[in-house]
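I'm opening a fresh page for this one. My plan is to look things up one at a time and jot down what turns up.

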Amino acid sequence: MLPYPQIDPVALAIGPLKIHWYGLMYLIGIGGAWLLASRRLNRFDPTWSKEKLSDMVFWMSMGVIVGGRLGYVLFYDLNAYIANPLLIFEVWKGGMSFHGGFIGVMLAALWFGKKNDKSFFQLMDFVAPMVPIGLGAGRIGNFINAELWGKATDVPWAMVFPTDPAQLARHPSQLYQFALEGVALFAILWLFSRKPRPTMAVSGMFALFYGIFRFIVEFVRVPDAQLGYLAWNWLTMGQVLCVPMIVGGLFLIWLAYRRAPATPAAAV
């Protein structure tokens with residue numbers, strides 16, 4: 001068993017002002033995505049300025065934050081937020097849904113694309129390879145918060161999380177998700193997008209592999225207490241929400257190669 005590293009969730013406190021690691025992880029994810037997007041900008045559209053890129057990153061970041069929070073409220077714990085609506089604003093405590101954030105990003109891409117003469121999938125193909133940076137950073141934030149831990153296990157790398165009332169050795173499922181949704185997904189999408197691909201193909205690869213990775217990790221992750229398992233003593237809400245992503249990703253890849261010629265590679 002490995003010792004859980006005791007990291008204060010508050011990175012910096014200045015009087016009553018507290019800066020949490022969870023929030024800093026979002027800044028790291030957004031900043032990292034912006035830096036990589038700026039490297040790919042000329043291949044995506046040489047006429048775009050850095051200011052326009054910054055606008056796009058801002059609105060998509062708003063989609064992640066607002067969509068992620070509302071998605072968690074609607075998908076995972078609606079009754080608690082109806083009872084106390086002010087909980088919605090306590091984002092430093094966690095409670096963000098990837099699937100809600102994904103919907104928020106899609107809506108932002110649809111709106112921003114219409115304003116800037118880009119199709120929805122042109123923007124999504126451009127953005128998709130950067131998303132795993134934010135996903136990976138967010139999972140590190142979950143780990144520091146000692147939340148979303150896994151099932152009890154006797155594997156050598158199991159950890160006892162301080163927030164676990166049972167104090168059992170558990171899978172560090174946040175680190176599994178960091179490795180799969182962050183590192184592995186980034187490598188797959190970055191390498192795939194380096195060569196010319198038809199429109200929708202990169203988006204399809206993102207949806208497919210994120211859905212697969214998340215579906216797998218859910219088998220060792222403890223489901224949200226207020227939901228538990230939805231069926232068969234193993235099916236979770238996360239897995240249910242991943243099924244449309246896997247099916248949709250496969251469909252987009254099939255449609256992309258059936259309908260469209262390859263577009264110039266966007267990666268450096």
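**Entry 1: helix α5.** I started in the middle of the chain, with helix α5, which covers residues 120–127. A note to self before going on: this is a predicted model. I asked which residues of α5 are buried. My list reads Leu123, Met124, Asp125, Phe126 and Val127. Next I looked up what these buried residues pack against. The partners are the helices α1 (21–44), α2 (50–75), α4 (98–115), α6 (131–144) and α8, along with the strand β5 (197–198).

**Entry 2: a ring cluster.** Phe126 from that list came up again when I followed the aromatic rings. Ring pairs join Phe126 with Phe44, Trp48, Phe58, Trp59, Trp111 and Phe112 in a cluster. Phe44 has a charge to deal with too: the charged end of Lys118 sits over its ring, 4.9 Å from the centre.

**Entry 3: Leu53.** I then picked Leu53, which is in helix α2. Is it buried or exposed? I noted Leu53 as buried, since its relative accessible area is 0%. Leaving out residues up to four places away in sequence, I found Leu53 touching Trp34, Ala37, Ser38, Leu41, Trp48 and Phe126. Two of those names, Trp48 and Phe126, I had already written down for the ring cluster. For Leu41 I also looked up the spacing: it is 12 residues from Leu53 along the chain, and the C-alpha atoms are separated by 7.9 Å.

**Entry 4: the loop between α4 and α5.** Two residues of this loop went into my notes, Asn116 and Asp117. Asn116 is buried, because its relative accessible area of 17% falls under the 20% cut-off. Asp117, on the other hand, is exposed at 72%. Not counting residues up to four places away in sequence, Asn116 touches Trp48 and Lys52. I also checked how far Asn116 is from Ser203: 87 residues in sequence, and 19 Å in space from C-alpha to C-alpha.

What is phi of Asp117? I read a value near 55°, which is positive in a residue other than glycine. I wrote the background beside it: most residues other than glycine have a negative phi.

**Entry 5: aromatic pairs.** How many aromatic pairs does a search of the whole structure find? The count is 19. I looked into Phe206 and Tyr210: the ring centres are 6.3 Å apart and the planes are at 20°, so this pair is stacked. Both residues are in helix α8 (residues 201–217), 4 residues apart, which is about one turn of the helix. That spacing made me add a general reminder: residues three or four places apart in an α-helix point the same way, because there are 3.6 residues a turn. Phe206 and Tyr210 are both buried.

Trp232 and Trp234 make another stacked pair, with 5.6 Å from centre to centre and 25° between the planes. How do these two stand for exposure? Trp232 counts as exposed, at 65% relative accessibility. Trp234 is partly exposed, with a relative accessible area of 32%. Trp232 is in the loop between α8 and α9 (237–259). Its phi is near 60°, a positive value in a residue other than glycine.

**Entry 6: one more charge over a ring.** I also found Arg197 over the face of Phe192, at 4.0 Å from the ring centre.

**Entry 7: Pro172.** This proline is in the loop between β4 (169–170) and α7 (173–192). I put Pro172 down as buried, as its relative accessibility is 3%. Apart from neighbours within four places in sequence, its contacts are Phe143, Trp157, Met159 and Phe161. Pro196 is 24 residues from Pro172 along the chain, and their C-alpha atoms are separated by 37 Å.

**Entry 8: cavities.** Last, I searched the whole structure for cavities of 30 Å³ or more and got 1. The volume of the largest cavity is about 70 Å³. What lines it? I copied out Tyr76, Arg214, Glu218, Arg221, Val222, Pro223, Asp224, Leu227, Gly228, Thr236, Met237 and Gly238. Sorted by class, that lining has 5 nonpolar, 3 polar and 4 charged residues.

Definitions and conventions. Residues numbered from 1 in each chain as written. Predicted model: local features only at pLDDT ≥ 70, side-chain atom pairs only at ≥ 80, totals over all residues. Heavy atoms only, no water. Phe/Tyr/Trp six-rings, centres within 6.5 Å; stacked < 30°, edge-to-face > 60°. Buried < 20%, exposed > 50% of the residue type's maximum accessible area, 1.4 Å probe, protein only. Lys NZ or Arg CZ within 6 Å of the ring centre and 35° of its normal. Contact = heavy atoms within 4.5 Å. 1 Å grid on protein atoms, 1.4 Å probe; cavity = no way out; pocket = protein on both sides within 12 Å on 5 of 7 lines; lining within 4 Å. Points joined across faces, edges and corners; volume = space filled by probe spheres on them. Nonpolar A, V, L, I, M, F, W, Y, C, P; charged D, E, K, R; others polar.
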